[in-house]
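Have your viewer open and your selection tool ready. We will walk from one stop to the next, and at each one you can select what is named and look around.

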Amino acid sequence: MTFQQLSFVVEVANCESINKAAERLYTSQSNVSNSIKALEEELGIQIFLRTKKGVSVTEEGREFLSYANEIIDKKIFVEDLYAKSHFRKQYFSVSSMRSFFLSTPITRLWPQISDGHGGSIYIRLKKQSFYDVLDDVQHCRSDLGIVFLMKSHSNRITRLCSVKDLDYHLLGESHISIVTRADHPILQAQETVPVEDRMTDYPYVIAENHENFGRYYDDDSESISQLFQSPPKCIISINDSAASQDIVAQSDAFFISSTRWQHPQHYHFSSVPLKGEDSILAHYYVTKKGQTPHPLTAPYVEELKKMFHGL
């Protein structure tokens with residue numbers, strides 16, 4: 001079994017066609033077909049059903065593809081890792097649960113980055129889930145991680161960081177807030193009807209990397225549960241937070257933010273903090289124990305602290 005065969009299998013599954021996969025791989029249809037057939041014979045399984053209309057993945061093939069994708073991803077990661085070390089003098093990576101905590105410190109650090117780092121530098125900013133952020137830092141894929149969770153659940157960060165050999169430090173606290181456009185009709189009536197009582201009449205926009213039908217937010221919260229006592233009439237799930245903001249800016253939709261809205265220069269939004277103790281979030285930055293910090297780690301954390309001081 002070769003990496004080339006695995007790549008062929010993954011591409012054919014994505015294209016649902018051997019011909020289209022061959023075009024994208026810049027090789028012949030017979031090369032792809034014969035390579036996959038040899039792999040199936042070697043493993044004693046049938047990965048694809050072949051018909052005149054194209055190909056479809058078998059049950060055995062679905063299981064095999066899950067492993068093949070994992071192997072390909074690890075190969076790409078190793079190649080990228082060593083490309084960074086050979087072609088760039090410096091590499092700095094940050095993983096965070098919110099893109100705001102990724103972009104703002106970098107823009108404020110730009111003079112220091114441009115003046116204080118000779119040669120080239122590669123900066124990787126990743127928006128991830130809570131557990132993915134911790135995994136990134138644990139396995140040295142990121143120099144710094146930024147996470148949050150309900151203040152009432154803060155014992156979880158202690159337990160998880162102990163298991164994963166991570167250091168964690170409190171950045172600050174914030175309130176979960178409903179964010180709408182500034183002239184949203186619900187805001188005009190909030191003197192007579194609390195915002196929380198009628199928000200689910202309007203479309204709810206949730207930005208998530210992986211679709212999750214049963215989840216309304218990153219963590220369990222009584223405040224969130226109270227807001228969604230009745231399911232929203234419309235949920236818009238999208239994997240791009242900037243696009244979710246565009247939708248809310250141009251409609252009666254709303255989203256939930258881990259802080260009050262922090263970008264007045266881009267959008268005219270209003271924030272309504274949720275009620276209850278479970279609406280308070282604790283934010284932390286995490287690093288790998290015993291690892292020499294990157295020169296940008298300390299100034300990046302200082303910018304984060306300034307942000308939270310402003311909240």
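## Stop 1: the sheet

Start by selecting strand E5 (residues 144-150) and strand E12 (residues 280-288): they run antiparallel and are joined by six bridges. Helices (H or I, at least four residues) and strands (E, at least two) are DSSP runs, numbered from the N terminus. This is a predicted model, in which local features need pLDDT of at least 70 and side-chain atom pairs count only at pLDDT 80 or more, while totals for chains, interfaces and linings use all residues. Residues are numbered from 1 along each chain as its sequence is written, and side-chain values use heavy atoms, with hydrogens and water left out.

Now pick Val147, whose bridge partner in E12 is Tyr284. Widen the selection to the open sheet of five strands, with the order E4-E3-E5-E12-E6 and mixed pairing; two strands pair if DSSP finds at least two bridges between them. At the edges you will find E4 and strand E6 (166-175), each pairing on one side only. From one strand to the next, the twist averages 15°.

## Stop 2: helices on the sheet

Add helix H6 (residues 130-138), which lies across E3, E4, E5, E6 and E12 and runs at about 150° to E5. H12 also packs on the sheet, touching E3, E4, E5, E6 and E12, and its direction makes about 25° with that of E6. Contact means heavy atoms within 4.5 Å. Axes are lines fitted to C-alpha atoms, for helices over the stretch in contact, and angles run from 0 to 180 degrees between N-to-C directions.

Within helix H12 (residues 297-310), select Lys306. Is Lys306 buried or exposed? Lys306 counts as exposed, because its relative accessibility is 51% (buried means under 20% relative accessible area, exposed over 50%, partly exposed in between, with a 1.4 Å probe and protein chains only). Measure across to Leu171: the two C-alpha atoms are separated by 9.4 Å, although the residues are 135 apart along the chain.

## Stop 3: aromatic rings

Show the aromatic side chains next; the whole structure holds nine aromatic pairs. Rings of Phe, Tyr and Trp (its six-membered ring) pair if their centres lie within 6.5 Å; planes under 30 degrees apart count as stacked, over 60 as edge-to-face and the rest as tilted. Tyr91 and Tyr122 form a stacked pair, 5.5 Å centre to centre with 20° between the planes. This pair links distant parts of the chain, with Tyr91 in strand E3 (residues 90-96) and Tyr122 in strand E4 (residues 121-127), 31 residues apart.

Move on to Phe130 and Tyr131, an edge-to-face pair at 5.1 Å centre to centre and 90° between the planes. Phe130 is buried at 8%, whereas Tyr131 is partly exposed at 42%. Arg156 lies over the face of Phe130, 5.5 Å from the ring centre. A charge sits over a ring if NZ of Lys or CZ of Arg is within 6 Å of the ring centre and within 35 degrees of the ring normal. For another example, select Lys75, whose charged end sits over the ring of Phe3, 5.4 Å from its centre.

## Stop 4: a buried serine

Finish at Ser244 in helix H11 (residues 241-249). Ser244 counts as buried because its relative accessibility is 5%. Leaving aside neighbours within four places in sequence, Ser244 is in contact with Val205, Ala207 and Ile238.
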